Amino acid sequence: MDSLQAADPTYLKRRVKGCSLDVHPTERALVVQYEVEATVLGELGHPVVGERKECQKIIRVKSLKARTDVSSLARKVVEECRLIHPSKLLEVEQLLFYLQNRKHTNDNQEKRRVSPRDFTAYAGLELDEEASITSVDEYVELLYEDVQEKIRGATLIFQLARNPDNLEELIQNETALGALARVLREDWKQSVDLATTIICVFFCFSSFSQFHGLVTHFKIGALCMNIIEHELKRYDLWQEELQKKKKAYEEFSENQNLKKEHEKSFRKYQSLLTKQEQLLRVALCLLLNLAEDTRTELKMRNKNIVHMLVKILDREDQELLLVAVSFLKKLSIFLENKNDMAEACAVEKLSRLVPCDHEDLLSASLRLLLNLSFDTSLRCQMVQAELVPKVSSLLADEAQRQLAMCILYHISMDDNFKSMFADTDCIPQLMRLLCERGEEKLDVELISLCINLAANRSNAKLLCEGNGLKMLMKRAVKMKDVLVMKMIRNLSQHGGATKSLFLDHVGDLAAQISEDEPEEFVIECLGTLANLTIPDLDWALVLTEYQLVPYLKDRLKPGSAEEDLVLEVVILIGTVSMDDSCAAMLAKSGIIPALIELLNVQQEDDEFVCQIIYVFYQMVFHKDTRDVLVRDTQAPAYLIDLMHDNNAEIRKVCDNTLDIIAEYDEEWGKKIQKEKFRWYNGQWLEMVENRLMEEAGEPFLLGEDGDVLDRTDLFYSADGIMSADGDISPEFFTDFQSGELGRSGYLSSVSEHFVPTDRPVSAYGFRPDEPFFFSSAAR
């Protein structure tokens, strides 16, 4: 070891060994694999240091055509490439013959092979010479010359970088990459072509995740952010200067010099704009590649990348717009970025791109809008930007149809926006798509949008036009399509002419109410029938002909079916109970006790309680069912207990029902009045107790007379409502019942009879552990 260290090496000896040939997988080229053995010899010719390195050389044969003489070309290749031994001539000829007959699916593949995101690649400046991987050091030397030579050197390196096979070797040459980064950092303002070409070199590296560390090491991402920000400011200055000259020309239109100056400035502006947009495009492509790392993406956001991208949406270059929109789409999945886009009015700027003739740009714009449409405020901006008719027009485009439907579906979720669809061609196109599907399974996006739109009265009218409802009913019944039946159910809730159309389909719906049909489908049919509050509909005939009463009664038994089905049964009973003969039929069948039993079981479910009480409300209107309900059941007692429930809808229905019962039955009327007064009295006493407790800490200052509650002289006398000792006079109820006391003040229990036109929404549970009514004595 000591002797080796003492030796003085004088020269280097290189030897090529192990040459092998193969064809390039994608290009018309031969790949030469070889091994270089380098040995450092001492002054006596003895080897001191040795090293081996595996290398490859790519020989492109662009002149190889279908009629090329392969034998002659093979000889030429062997003669010009010293790495290939003449003995391999036959092998070279065979490989060239294989390349000649291999099919190439894309002649432009070479130009696009480093653009995996399908963005148009920057071709670079045209040079007469072809770059060679072995001459990289020469190209680096050019980077130290003037601007034109720097551009030439960078362009030659870019030619090499466009071939992915050269990237591994280029990455070993840290001097070349460092020189490129230095020139970009120092001279990017001097030449747009130079900056664009160098960024393109690093973009080639950024197209592969394993090279992102290299790009980050030279801080190319941060430099690109600075370049983009500067170019956007320069664009604003160009615009401002151009507007000044245009205004001057318009004011003095007769001045030909001003006109020529304006035209010259405009031509220069267009030239500068073209080069600037190329620079912005490649810089954004590089940043988009680096944004695969969320930490890097966060750094970009902190440098205001979102506002820069939104500002670029004002441009006209479609390739630049494609990159900007794609970048925004990637960023939009994070809440902070989405908020930045809302602040920068991104939706308004995107609206002008929908529709457009650039298919990729249109698709990217729709995908971005879809991401943004999850936000309620941004959906409002979309409506204000008149995107509903624009996106609706894309339903005819099969390539963009699914995206358009998803966006429209999100907008249709807001009730305020549903009516806007009626003024577009959206609904006719949706109905056409439904018809075209025939018996095929419908797309979820299509039927979901239709279900939402059917909830609006104007839309429902358009959906049912012609044979629309008939077609929907036919498909739903034949295919047992639950989603189509949901749509029909939404249509059935609208009054007027739309609801009258259902008279022809009541039999089809009633026929589906059976144990043999799928439960989800039966639920929708029950819900649809429950919506049909049509005066001309003979419910008694329907119940009898389709034998629905036994089915309805059996489903009221707890545990007999899913709760959703049982609830729809209760709602349907409430609808048919509006008919006198139907109410009597149901009462005789024993449905009222079954409802009370169900009320006990479902006392914690607001919706169940409210809908069952609504059935009682409908039945007290008819004399026959009123007798059964009041005299043969404990329904009034349940109603008394629920009339002060926490749920406002339950209280309203209970009050209306109890008012009718009180007028019909004197005994129950007294109980109802006592309970109402007991509750009001309890509320008043509780208020008094709370006030006294507050006064214990800090008495009210009401003047010299003190608290009015301590003034016994202000109490009513015994011939009034309240005695001097504070007890309530029981005779008050008799006077109230006889009408001697007016129905005024908070003690009034019977308001004007209210007959709800809409079904109650929900209610609150019944509490069976409390007594139904209480004595009139004050607590």
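This report describes salt bridges in a predicted model.

The structure contains 32 salt bridges. Three individual pairs are listed below, each with the separation of its closest N and O atoms.

| Basic residue | Acidic residue | Closest N and O atoms |
|---|---|---|
| Lys88 | Glu91 | 3.9 Å |
| Lys150 | Asp187 | 2.5 Å |
| Lys418 | Asp415 | 2.7 Å |

The bridge between Asp187 and Lys150, with its closest N and O atoms 2.5 Å apart, connects distant parts of the chain. Asp187 belongs to helix H8 (residues 174-187), whereas Lys150 belongs to helix H6 (residues 147-161), and the two are 37 residues apart. Both Asp187 and Lys150 are buried.

The bridge between Lys418 and Asp415 has its closest N and O atoms 2.7 Å apart. Because these two residues lie 3 residues apart in helix H22 (residues 415-418), about one helical turn separates Lys418 from Asp415. Lys418 has a relative accessible area of 6% and is therefore buried. Asp415, in contrast, is exposed, with a relative accessible area of 61%.

In the bridge between Lys88 and Glu91, the closest N and O atoms are 3.9 Å apart, a value within the 4 Å cut-off that defines a salt bridge. Lys88 is classed as partly exposed because its relative accessibility is 22%. Glu91 is likewise partly exposed, at 29% relative accessibility.

Salt bridges also join residues into a network, whose members are Lys486, Arg489, Glu524 and Glu568.

Terms used:
Residues are numbered from 1 along each chain as its sequence is written. This is a predicted model: local features need pLDDT of at least 70, side-chain atom pairs count only at pLDDT 80 or more; totals for chains, interfaces and linings use all residues. Side-chain values use heavy atoms; hydrogens and water are left out. A salt bridge is a side-chain nitrogen of Lys or Arg within 4 Å of a carboxyl oxygen of Asp or Glu. Buried means under 20% relative accessible area, exposed over 50%, partly exposed in between (1.4 Å probe, protein chains only). Helices (H or I, at least four residues) and strands (E, at least two) are DSSP runs, numbered from the N terminus.
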